[in-house]
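Q: Please take a close look at the salt bridges in this model. I am new to it, so give each term with its cut-offs, and then go on to the parts around them.

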Amino acid sequence: MSKFTVFIDSIKDESEKLAKGELKKLIADAKKDTSDFVKLQAANFERWTIMLAEGDLTVKGYKLLIRKMEVLNQLDTIRLTVKAKASAQRLATGITDIVIKSLFALI
């Protein structure tokens with residue numbers, strides 16, 4: 001099991017089980033996407049989450065990186081093909097819905 005999955009699973013809030021599963025699936029799907037941009041953003045998100053879990057990144061730094069990634073996703077969405085655009089938008093929306101609204105409340 002990856003450090004990312006272990007960290008996400010360690011969040012102790014039973015009402016967030018669905019969001020945790022959705023987040024893990026979102027990142028796993030994004031890492032397999034055909035768009036290099038989407039794969040890079042998923043890898044960055046996973047790396048930053050591991051850094052947060054290991055104490056190498058503060059919560060404030062993590063939030064800043066995620067918000068910057070959200071802006072990059074929005075800017076790059078403009079340049080992508082229709083299929084890749086949809087993937088990038090799903091990733092951005094998923095991160096906004098799951099991380100910013102749910103996960104941030106727990107950390």
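A: Counted by the rule used here, there are four salt bridges, a salt bridge being a side-chain nitrogen of Lys or Arg within 4 Å of a carboxyl oxygen of Asp or Glu. Side chains of opposite charge can pair when their charged atoms come close. The model is a predicted one, in which local features need pLDDT of at least 70 and side-chain atom pairs count only at pLDDT 80 or more, while totals for chains, interfaces and linings use all residues. Residues are numbered from 1 along each chain as its sequence is written, and side-chain values use heavy atoms, with hydrogens and water left out.

Among the salt bridges is the one between Lys3 and Glu54, with 2.6 Å from N to O. Lys3 belongs to helix H1 (residues 3-10) and Glu54 to the loop between H3 and H4, so this pair ties together parts that are 51 residues apart in sequence. Helices here are DSSP runs of H or I with at least four residues, strands are runs of E with at least two, and both are numbered from the N terminus. Lys3 is exposed at a relative accessible area of 52%, whereas Glu54, at 42%, is partly exposed. Buried means under 20% relative accessible area, exposed over 50%, and partly exposed in between, with a 1.4 Å probe and protein chains only.

Another salt bridge joins Lys25 to Asp29, whose closest N and O atoms are 2.7 Å apart. These two residues are four apart in helix H2 (residues 17-31), which means that about one helical turn separates them. Lys25 is exposed, with 52% relative accessibility, and Asp29 is partly exposed, with 36%.

Asp36 and Lys39 also form a salt bridge, with 3.9 Å between the closest N and O atoms. Both lie in helix H3, three residues apart, so the separation is about one helical turn. Asp36 is exposed at 60% relative accessible area; Lys39 is partly exposed at 31%.

Helix H3 also takes part in an aromatic pair. The count of such pairs is one; rings of Phe, Tyr and Trp (its six-membered ring) pair if their centres lie within 6.5 Å, and planes under 30 degrees apart count as stacked, over 60 as edge-to-face and the rest as tilted. Phe45 and Tyr62 make up this tilted pair, at 6.3 Å centre to centre and 45° between the planes. Phe45 sits in helix H3 and Tyr62 in helix H4, so the pair ties together parts 17 residues apart in sequence. Both Phe45 and Tyr62 are buried.

Other buried residues of H4 include Ile66, Met69 and Asn73. The 19 residues of H4 should span 27 Å at 1.5 Å a residue, and the end C-alpha atoms are indeed 27 Å apart; the expected span is 1.5 Å times one less than the number of residues. Val71 is in H4 (residues 59-77) as well, and is partly exposed at 43% relative accessible area.

Finally, the confidence. The pLDDT, which is the predictor's confidence in each residue from 0 to 100, has a mean of 79 over the protein chain, with 79% of the residues at 70 or more. Among the elements, helix H3 (residues 36-53) has the highest mean, 90, and helix H5 (residues 82-106) the lowest, 73. Where pLDDT is low, the predicted coordinates should not be read in detail.
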